Amino acid sequence: MTATTTTVDFSAWSHAHLERVEATLQRVLPAPEIAPRRLHQAMRYAVLGGGKRVRPLLAFAAGELAGADAGRVAIAGAAVELIHAYSLTHDDLPCMDDDVLRRGKPTCHVEYDDATALLVGDALQSLAFQLLGEYRLADDMKTQLEMVKLLAAAAGSRGMAGGQAIDLESVGKSLTVPELEFMHIHKTGALIRASALLGARCGNGLGEKEYSQLDLFAKLIGLAFQVVDDTLDADSSTATLGKTAGKDAKDSKPTYVSAIGIARARELAQDMRQHALDALAGFGERALRLRQLADFIVLRKF
Ligand code: GRG
């Protein structure tokens, strides 16, 4: 297959799956006319109409590897995206990162108010777990319960929320690369890892060794995602990113760019991508979408 064919092919695949994600999110979010209307409208504002949807796409790609039903993966992917949207909404609040722009629009608390944005995050998190309880996602209930535990652990104090706590404590400090890694494995990596593992859990096709290979891939690509995020914050524009650029340096946040410089950070992201691809050895065509997503994550411009 030529590079061009693969690219076109990936764009058609991601387009079709993005449509599926949007339709699922539209459907599972409470309608705007249902009371309490302002809260439901704000939830929809925070989730719909923006975002790269990398996490649900990873769930679909891992689901393909495991022979999963796409309808099940759509629900699992939507659950992860709801947790992600909650985290962004809370992260943008004045008590955290205090940002006014997200996905090219005013942040949720700017468009609504702080209290509403707080409730939006709370309600999105609850809705994510409601989906995992409401829909049949795995053939056996033991696996489905494991999926609930997996997402809870990824979002909680030993996952994303814990990473955010370290992030807030680290303002004004300089961290070593291992310390940065520890923070980002939790803050950003945990949810990205959970996306791939949940997608795979919707199917039956992976043995223990293959599941471990996928897990390693997801950990590496989750970290690479953050390294790229740091380089983009340093050298992209607000218009391209749809969020305030240059904020890490302005807020004295330790990043891969402040620790090792932008050129080394770019090399590091490439190294992580290569290790992630190595982890998929032996999967052949079944892992095509995972490989393409790894490329997208590392080569992205926004
Ligand atoms: C508030 C518990 C809590 C956690 C917040 C995710 C997070 C933790 C903060 C977001 C701040 C940030 C810039 C994190 C770095 C990586 C990241 C998650 C970027 C945003 O994700 P994208 O690029 O966003 O996937 P879109 O808008 O495309 O969905």
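Let me start with the aromatic rings, where the count comes to three aromatic pairs in this model, which is a predicted one. In one of them, the rings of F10 and W13 have their centres 5.9 Å apart and their planes at 20°, and because planes under 30 degrees apart count as stacked, this pair is called stacked. Both residues sit in helix α1, which covers residues 3-28, and being three residues apart there, F10 and W13 are separated by about one helical turn. As for their surroundings, both F10 and W13 are buried.

Another of the pairs is formed by Y45 and Y112, whose ring centres are 5.6 Å apart and whose planes stand at 70°, so this pair is edge-to-face. Here the partners come from distant parts of the chain, since Y45 belongs to helix α2 (residues 37-47) while Y112 lies in the loop between α5 (108-111) and α6 (114-134), 67 residues apart. Are these two tyrosines buried or exposed? Y45 has a relative accessible area of 17% and is buried, and Y112, at 19% relative accessibility, counts as buried too, because the limit for that word is under 20%.

Let me turn now to the backbone. Most residues other than glycine have a negative phi, and most peptide bonds are trans. Against that background, please look at the peptide bond from A35 to P36, which is cis, with omega near -5°; P36 itself is placed in the loop between α1 and α2. R103, although not a glycine, has a positive phi of about 55°, and R103 is found in the loop between β1 (101-102) and β2 (105-106). S252 is likewise not a glycine and has a positive phi of about 55°; its place is in the loop between α12 (247-250) and α13 (256-260), and at 41% relative accessibility S252 counts as partly exposed.

Finally, let us step back to the chain as a whole, whose secondary structure comes to 15 helices and two strands. For 302 residues, a compact globule would have a radius of gyration near 19 Å, and the 18 Å of this chain agrees with that. Along its principal axes, the C-alpha trace spans about 50 × 45 × 35 Å, and 52% of the 302 residues count as buried. Among contacts between residues at least 6 apart in sequence, 73% join residues at least 24 apart. The chain exposes about 13,400 Å², of which carbon and sulfur atoms supply 57%. On the charges, I would add that the mean positions of the 34 positive and 38 negative ones are 2 Å apart.

Notes: Residues numbered from 1 in each chain as written. Predicted model: local features only at pLDDT ≥ 70, side-chain atom pairs only at ≥ 80, totals over all residues. Heavy atoms only, no water. Helix = DSSP H or I, 4+ residues; strand = E, 2+ residues; numbered from the N terminus. Rg over C-alpha atoms; globule rule 2.2 N^0.38 Å. Buried < 20%, exposed > 50% of the residue type's maximum accessible area, 1.4 Å probe, protein only. Contact = heavy atoms within 4.5 Å. Areas by Shrake-Rupley, 256 points an atom, 1.4 Å probe, with all protein chains shown as cover. Lys, Arg positive; Asp, Glu negative; His and termini not counted. Charge placed at Lys NZ, Arg CZ, Asp CG, Glu CD. Phe/Tyr/Trp six-rings, centres within 6.5 Å; stacked < 30°, edge-to-face > 60°.
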